[in-house]
Amino acid sequence: MKLNCNQKQAVEFVTGPCLILAGAGSGKTRVIIEKISYLINQRGYLPQHIAAITFTNKAAREIKERVMQTTQQKKISRLIISTFHALGLEFIKQEYESLKIKPHFSLLNTYDQFFILKKITTKYFKNNNVLVKNLTSMISHWKNNLVNPIQAMQLSQSQRDKLFAHCYDLYNKHTQTFNILDFDDLILLPTLLLDKNKTIQKKWQDYIRYLLVDEYQDTNISQYKLIKLLVGTRAHFTVVGDDDQSIYSWRGAQPQNLVLLKNDFPSLKVIKLEENYRSSKRILKVANILISNNSHMFKKKLFSTLEYGEVLKVITAIDEDQESERVIQELITHRLIKKTSYSDYAILYRGNYQSKAFEKVLVKYKIPYKITNNISFFLRSEIRNLLAYIRILTNPDDDISFLRIINIPKRAIGLTTIKKLDMFSKNINKSLYHTSLDLKLYQHFNSKGMRSLQNFIYWLSNIVKLAKHKPILAIRTLIQEIQYEKWIVKTAINTNIATMQINNINILLNWIIDMLLGNKVDQAITLDQVVERITLHNVVENSKSTEEQDQVQLMTLHASKGLEFPHVFLVGMEEGLLPHQNSINNNNIDEERRLAYVGITRAKKTLIFSLCQQRRQYGQFIESEPSRFLLELPQDDLIWKALIH
């Protein structure tokens, strides 16, 4: 299919700053891919001087695979296609000396970050997990806004915020002492260094001569400043975004960054992609009317040359049990009449908890389904345990991982022994691993626990040595010698859980081996790089993707962004749910309307809404009102189905 006029213009404009306002379903990914190919094949750019930045690893991989289809593989091997965080990590690995950090730093995942914050704030929060979570969010907010602990203290007004700022300072000192970074550091540190060091700034501006940024409306303050510092005065860049799909303010995203571009780059070329290739005219009509209730930085209106499409239905139910029953009955009937696949259908909702009622009915009718939620594969206990071992193989000084594995499986190293080890390590200023190797420890303390520790560290140190030259053999030997699968079977709640956990271990092991050996798309990498990718969740599943399986898709509206389905059910269309009550209280209706807009524009052919007259909250039924967003839609395009008593 040929590019339309606006798409062609967006691809071929490469001489200055460019903002592509890409509406839902307007082919933005294709434009990015064609532009990369155009830069290489027509404008003479070397692939290593082009960087395309995305917000998800899935998007980065899709772009890389599709660019390979339009450009010779040998030409794009050094092309930079990554997430913001992966680019930041690569920067830090190259500039660690200027950042005054040691080369073998550890990268904290969210679980480890929480563990550290909980540990260093015990004195103040008394292990209150809610306060620790609030502190975690606040530190992330400060870092995303380029605020250091001293500035945070100066900005704090309340006693609570001052305490948080103090804990931020403790956390900062802790991470520096132990040479560890969190995800926010991957943007913060490169941005601060580029800002103050003009030599390094010029080096990276010469390195990245053309920059493309996808989902630009989701950038925060630090990411925007990083973009500015990378493009410099040459300003050869393209950002692709849509302010109507900005739904991540809770993560620090600032759609106002679209306006900042115009202020900071007066010659900015704005190109609008308004032709939608996904949805029927009726679906686009209601989406346009809904989003017109928001204020806009840039005016645009989606249009389509597809058919007008079926009328949109609104199902009203008494409660969530009847809602799920009626939605699934509608799905079954539609599938039988249209002879479609289960995978053609998606059920979208505001909160994860809404899935439970639908799952119950899907199971009842033996309908296969896939639920996408926020529980990461990498946060499962059996995976965290094995990853802790692997982190030790790449960085023995990782105390968090060492403490996790020291008694997995159980090896008679008690709490008293661990406390003595910790105390001794602080006295000699060494990590727990290297303290365990110090013979003076065992001369100072002599007990059964210490002998167990000595046996463990002797075994582990041999695995660490093996991993330097034969990482695959080291990992397999490790799993075999600790009898990990046997331990899982012994400790699992039941046989089914054990089988699932062992399967997860095998999935992880296959991913690791594939990354170490490489494939047609990705070159072989080291074990250190494997750990980095896994920490950033940059891992590709070898099992069938969701799209290849015939299952009904259940997911939140946030998770649905970037996806499309022939038939969509947008459920829970009630005041207090969509828009969410918190957004109503905080007068943040515009973002909730954008969230509804995202849900509507996922649909290609049919769209059905549902709502309840009453919904359970804390064990009681609460009366519900239809969402204001339903009432903002053109009623001529809706059919409200009668309530069944």
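Helices, written H and holding at least four residues, and strands, written E and holding at least two, are DSSP runs that are numbered from the N terminus. With these names in hand, one loop can be located right away: proline 579 sits between strand E13 (565-570) and helix H29 (581-585). The peptide bond that leads into this proline from leucine 578 is cis, with omega near 10°. The structure described here is a predicted model.

A good place to start is the confidence of the prediction. The mean pLDDT of the protein is 87, and 95% of the residues reach at least 70. Among the elements, E13 has the highest mean value, 96, while helix H4 (residues 73-76) has the lowest, 59. Residues 538-547 have a pLDDT below 50, and this stretch makes 18 contacts in the model beyond its near neighbours in sequence.

Two open sheets can be followed strand by strand. In general, the strands of a sheet pair through backbone hydrogen bonds, and the pairing may be parallel or antiparallel. One of the sheets has 6 strands, ordered E3-E2-E6-E7-E1-E8, and its pairing is parallel. Its edges are strand E3 (80-83) and strand E8 (269-273); each has a single partner strand, so one side of each has no neighbour in the sheet. From one strand to the next, the twist averages 15°. Within this sheet, strand E6 (residues 210-213) and E7 are joined by 3 bridges in the parallel sense, and leucine 212 stands opposite threonine 238 of E7.

The other sheet contains 7 strands in the order E11-E12-E10-E13-E14-E9-E17, again with parallel pairing. Here strand E11 (369-372) and strand E17 (638-641) are the edge strands, each pairing on one side only. The twist from strand to strand averages 20°. Strand E9 (residues 312-317) pairs with E17 over 4 bridges, in the parallel sense, and isoleucine 315 has lysine 641 in E17 as its bridge partner. Helices also cross this sheet. Helix H15 (residues 281-291) lies across E9 and strand E14 (603-612), at about 50° to E14. Helix H16 (residues 320-338) lies across E9, strand E10 (345-349), strand E12 (552-556), E13, E14 and E17, and runs at about 145° to E9.

Attention now turns to the loops. After strand E7 (237-241), and before helix H14 (257-264), comes the loop that holds aspartate 242. Is this aspartate buried or exposed? Because its relative accessible area is 1%, under the 20% that marks the limit for burial, aspartate 242 counts as buried. Its side chain forms a polar contact of 2.9 Å with the side chain of glutamine 245. When neighbours within four places in sequence are set aside, aspartate 242 is in contact with Ala22, Gly23, Ala24, Gln217, Lys300 and Tyr597.

Some loop residues have backbone geometry worth a second look. Most residues other than glycine have a negative phi, and most peptide bonds are trans. Lysine 126 is not a glycine, yet its phi is positive, at about 50°. Lysine 126 lies in the loop between helix H7 (122-125) and helix H8 (129-144), and this lysine is exposed, with a relative accessible area of 62%. Leucine 146 also has a positive phi, near 60°, and is placed in the loop between H8 and helix H9 (149-155). Leucine 146 counts as buried, at 19% relative accessibility. A cis peptide bond links isoleucine 408 to proline 409, with omega near -5°. This proline belongs to the loop between helix H19 (399-405) and helix H20 (415-428).

Finally, the nonpolar interior can be described. The largest nonpolar core has 55 residues, of which Phe402, Leu453, Phe456, Leu460 and Leu508 touch the most other members. Helix H26 (residues 495-517) contributes the most to this core, with 10 residues. One of the core members, phenylalanine 456, is in contact with Tyr389, Phe402, Ile405, Ile406, Arg411 and Ile413, leaving aside its neighbours within four places in sequence. Another core, of 42 residues, lies apart from the largest one and includes Ala51, Phe91, Leu99 and Phe237.

Conventions:
Residues are numbered from 1 along each chain as its sequence is written. This is a predicted model: local features need pLDDT of at least 70, side-chain atom pairs count only at pLDDT 80 or more; totals for chains, interfaces and linings use all residues. Side-chain values use heavy atoms; hydrogens and water are left out. Buried means under 20% relative accessible area, exposed over 50%, partly exposed in between (1.4 Å probe, protein chains only). Two strands pair if DSSP finds at least two bridges between them. Axes are lines fitted to C-alpha atoms, for helices over the stretch in contact, and angles run from 0 to 180 degrees between N-to-C directions. Contact means heavy atoms within 4.5 Å. A polar contact is a pair of N or O atoms within 3.5 Å; within protein, one must be able to donate a hydrogen and the other to accept it, and residues adjacent in sequence count only if both atoms are side-chain atoms. pLDDT is the predictor's confidence in each residue, from 0 to 100. A nonpolar core is a set of buried Ala, Val, Leu, Ile, Met, Phe, Trp, Tyr and Cys residues joined through side-chain atoms within 4.5 Å.
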